[in-house]
Amino acid sequence: MTEACIVGWAHSPFGKLDDPDIESLIGRVAGAAIADAGLEPHDVEATFLSLFNNGFSNQDFPASLVLQHVPELRFTPITRYENACASGSAAIHGARDFLLAGRGRFALVIGVEKMTSTPGKEVGDILLKASYQKEEADIPAGFAGVFGRIAEKYFQRYGDQSDALAAIAAKNHKNGVDNPYAQMRKDFGYDFCRNVSEKNPYVAPPLKRTDCSLVSDGAAALIMTDEATAKAMGKAVRFKAAVQVNDFLPISKRDITQFEGAAHAWAKALRAADMKLEDLSFVETHDCFTIAELLEYEAMGLTAPGQGARAILEGWTAKDGRLPINRSGGLKAKGHPIGATGVSMHVITAMQLTGEAGDMQLPKADVAGVFNMGGAAVANYVSILEPAR
């Protein structure tokens with residue numbers, strides 16, 4: 001069966017940007033992605049826009065904001081996708097379905113979020129809306145508090161894993177130095193990440209500031225087409241698998257020390273791609289908090305449950321390890337503008353697979369996995385990508 005392919009992309013810097021709103025951020029990447037694919041705007045037959053928002057922007061109903069920058073797309077379908085922090089992957093899946101259904105040849109996917117104009121307390125309240133409000137609305141420290149509870153329960157079951165969390169933070173910050181789009185391009189080192197200090201206080205114990213992803217502005221975009229069309233173009237990255245798995249929203253209904261939905265998504269994706277985890281060259285995974293990356297090592301099958309610390313402490317996930325994870329710096333260093341994150345992860349992965357990742361480039365980049373999740377492992381998306389041949 002034919003598959004969908006990524007054939008062009010664009011990525012803004014992530015961080016506290018001067019752009020006043022999401023409309024401006026969309027303008028940074030929409031036309032640039034079309035041009036990167038070697039297309040004209042009129043070639044695009046549908047657009048899929050990812051935005052979490054939920055209060056970050058006064059302007060909701062954002063789909064047709066694309067027309068402010070690419071007026072040639074007037075009278076084509078444009079749809080907004082939202083699935084918490086996995087909104088970007090939801091939009092990519094929508095575009096893939098559009099193409100595989102034969103409804104068009106070229107689709108534009110845009111992910112965007114403007115977060116830094118929102119006061120800090122409101123940011124926490126907005127993000128906490130991605131949890132189960134009937135039971136979790138009063139958790140202190142917002143969504144960091146949710147993952148703080150996850151870390152507490154994991155520590156109670158498997159022992160204090162603070163060394164592993166600090167090592168994950170240090171790895172991702174070191175990787176982020178090489179990413180020109182990253183919000184924080186600074187190698188903090190293990191000792192700074194491991195120890196509580198005035199500059200690295202507890203946010204939601206046992207999680208410190210260095211365990212938490214950043215409040216960010218940013219946008220990313222990509223162009224997708226069918227496989228036959230892609231092979232005649234300048235560059236192309238093919239989906240070997242694209243899987244979505246949802247789990248219960250309340251953490252009370254799950255063993256939250258295991259990301260079971262993520263594990264199911266990984267197993268289904270690897271089975272669909274007819275691959276094993278060890279066949280992957282690298283992974284970009286959703287490290288909204290360091291405890292999330294640790295649990296994702298276990299969910300993807302890199303280690304057994306409770307043994308995720310081995311993967312980081314023994315260097316398996318370093319850039320020169322057996323399975324490099326988050327060579328981009330991850331959400332931890334790159335930043336986490338919610339609606340843009342899933343699209344960004346796919347763009348960075350496509351850059352690696354086509355040898356266009358610059359200082360981030362890995363020597364071996366043959367096939368990759370992307371894991372993007374919404375909420376605390378509620379909406380789980382896995383993509384397996386390879387260069388189209």
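Lys 235 lies over the face of Trp 9, 3.9 Å from the ring centre. A second charge of this kind is Arg 322, placed over the face of Trp 316. Both pairs belong to a predicted model. The table sets them side by side.

| Charged residue | Ring | Distance to ring centre |
|---|---|---|
| Lys 235 | Trp 9 | 3.9 Å |
| Arg 322 | Trp 316 | 4.0 Å |

**Aromatic rings**

Ring pairs come next. A pair of aromatic rings is described by the distance of the centres and the angle of the planes. With centres within 6.5 Å as the rule, the count is seven aromatic pairs. Take Tyr 154 and Tyr 158: their ring centres are 4.8 Å apart and their planes meet at 50 degrees, so the pair is tilted. Tilted pairs are those neither under 30 degrees nor over 60. Both tyrosines sit in helix H5 (residues 142-158), four residues apart, which puts about one helical turn between them. Their exposure is as follows. Tyr 154 is buried, at 0% relative accessible area. Tyr 158 is partly exposed, at 27%. Elsewhere, Phe 48, Tyr 81 and Phe 98 form one aromatic cluster.

**Helix H9**

Helix H9 covers residues 260-273. Its 14 residues, at 1.5 Å a residue, should span 20 Å, and the end C-alpha atoms are indeed 20 Å apart. The buried residues of H9 are Gly 261, Ala 262, Ala 265, Trp 266, Ala 269, Leu 270 and Ala 273. Viewed down the helix axis, these buried residues fall within an arc of 160 degrees, so they line one face of H9. What do they pack against? The partners are four strands and one helix: E8 (237-246), E9 (282-284), E10 (368-374) and E11 (379-387), together with helix H10 (290-299). Just after H9, Asp 274 takes a positive phi of about 55 degrees.

**Nonpolar cores**

The largest nonpolar core holds 66 residues. Phe 147, Ile 291 and Ile 384 have the most contacts inside this core. Helix H5 supplies its largest share, eight residues. Which residues does Phe 147 touch, leaving out those up to four places away in sequence? Its contacts are Leu 207, Phe 259, Cys 288, Phe 289, Ile 291, Ala 292, Met 373, Gly 375 and Ala 376. Ile 291, itself among the residues with the most contacts in the core, is thus one of the residues that Phe 147 touches. A second core is separate and has 33 residues, including Val 343, Ala 357, Met 360 and Ala 368.

Key: Residues are numbered from 1 along each chain as its sequence is written. This is a predicted model: local features need pLDDT of at least 70, side-chain atom pairs count only at pLDDT 80 or more; totals for chains, interfaces and linings use all residues. Side-chain values use heavy atoms; hydrogens and water are left out. Rings of Phe, Tyr and Trp (its six-membered ring) pair if their centres lie within 6.5 Å; planes under 30 degrees apart count as stacked, over 60 as edge-to-face and the rest as tilted. Helices (H or I, at least four residues) and strands (E, at least two) are DSSP runs, numbered from the N terminus. Buried means under 20% relative accessible area, exposed over 50%, partly exposed in between (1.4 Å probe, protein chains only). A charge sits over a ring if NZ of Lys or CZ of Arg is within 6 Å of the ring centre and within 35 degrees of the ring normal. The expected span of a helix is 1.5 Å times one less than its number of residues. The arc is that of the directions from the helix axis to the C-beta atoms. Contact means heavy atoms within 4.5 Å. A nonpolar core is a set of buried Ala, Val, Leu, Ile, Met, Phe, Trp, Tyr and Cys residues joined through side-chain atoms within 4.5 Å.
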